[in-house]
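I opened the model to look up one strand and its neighbours. The overall numbers come after that.

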Amino acid sequence: MTENVNLLGWTCPVPLQNYPTIVMGHGAGGQMMADLIEHLFAPAFDNDLLGQMGDSTVIEPSAFSGQQLAFTTDSFVVSPLFFPGGNIGELAVYGTVNDLAMRGASPRFLSAGFIIEEGLPMETLGAIVTAMAQAAKKAGVRVATGDTKVVQKGHGDGIYINTSGLGVIPAGLNIGPRNARPGDAVLVSGTMGDHGIAIMSVREGLTFQTEIQSDTAPLYGLVEAMLAVEPGGHPHSGASSGSPLQAIRCLRDATRGGLSAVLNELVDASKVGIEFDERKVPLRPEVNAACEMLGLDPFYVANEGKLVAIVAAEQAEAILTAMRAHEYGREAAIIGKVVAEHPGMVTAKTTIGGMRVVDVPAGELLPRIC
């Protein structure tokens, strides 16, 4: 779906202009595929690693300097391809670099695999690739290798993208889902549910008084600001202990399943309980109104630029201050705490003062949100 969408002003290179849409030959390994790579992908992602153009890319060990490595992969099948505040291209970059950032890893390298449906407009592909290149630059990550396949019309949904990411973790840093302790504070970096409702509004043709924008964003800069609050200094300096008792215990980006899914995953991994106050969770009024209209719980709706943090209670206010000073954490809030009671269970204090159990989502609420 690309109607009435700004396709970033992409201009088709002359060698590709004979093909206004993708055809099977663009994935067949011949001259047409070579032209697509040479005149679209290679210029967009230009760097010395991708420039090797081998069957694999060689990365020098000096790039890692003896640090721990984080490795992740993700696939993106969102529909529509363009939505308010973003598109599948930047989503493919931010989604993967954010998975690295949730382990405290500085994103360094990405792979990018494209599965393109025959008939996709070349203009659409060009805009998506341009958006990916811009997002990679913003996230400070290089696309080091890639792959292109074309499937017959009717066997895809425009384009699917797979990205894998490699990042480096400072020596001694240990952020993981099993580190939560009773007494820890639960923080969110901003408003919940923005991405899922932005996708739904376009997909279903819903209109609101204010356009709801996706929150797609690269989060490592925010994580770095939070890490700087660690007692003894930024862990990059080597002053931070690798003990699970460091101030930042767990980080998760609240994507599919939203806040509810993340909190349930954390209590299951750490064998603790979590209690949070619904009234303290930041929500945009228009997102809350849309959820009420659609019969959705905003705590189950996806985000693509928000994180959930479990941190030591004594450092929570300092970390919150650091988050609010960053562009992607200005609406951060402390919403609850980790408890020893009811391990494996998440409960919420409701707006009317009662308590309810917040279960993990049983199935799809908003299909194809990433």
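Entry 1, one strand. I looked up strand β10 (residues 307-311) and found that 5 of its 5 residues are buried, so the strand is largely enclosed by the rest of the structure. Buried means under 20% relative accessible area, with exposed over 50% and partly exposed in between (1.4 Å probe, protein chains only). Strands (E, at least two residues) and helices (H or I, at least four) are DSSP runs, numbered from the N terminus.

Entry 2, method. I noted that this is a predicted model, in which local features need pLDDT of at least 70 and side-chain atom pairs count only at pLDDT 80 or more, while totals for chains, interfaces and linings use all residues. Residues are numbered from 1 along each chain as its sequence is written, and side-chain values use heavy atoms, with hydrogens and water left out.

Entry 3, side chains of β10. I see Leu307, Ala309 and Val311 pointing one way, and Val308 and Ile310 the other way; all are buried.

Entry 4, partners. Which strands pair with β10? Strand β7 (residues 185-188) runs antiparallel to β10 and is joined to it by 4 bridges; alanine 185 has valine 311 as its bridge partner. Strand β8 (residues 248-253) is also antiparallel to β10, over 5 bridges, and aspartate 253 is partnered with leucine 307. Two strands pair if DSSP finds at least two bridges between them.

Entry 5, whole protein. I count 8 helices and 13 strands. Buried residues make up 53% of the 370 residues. The C-alpha atoms fill a box of roughly 65 × 50 × 30 Å along the principal axes.
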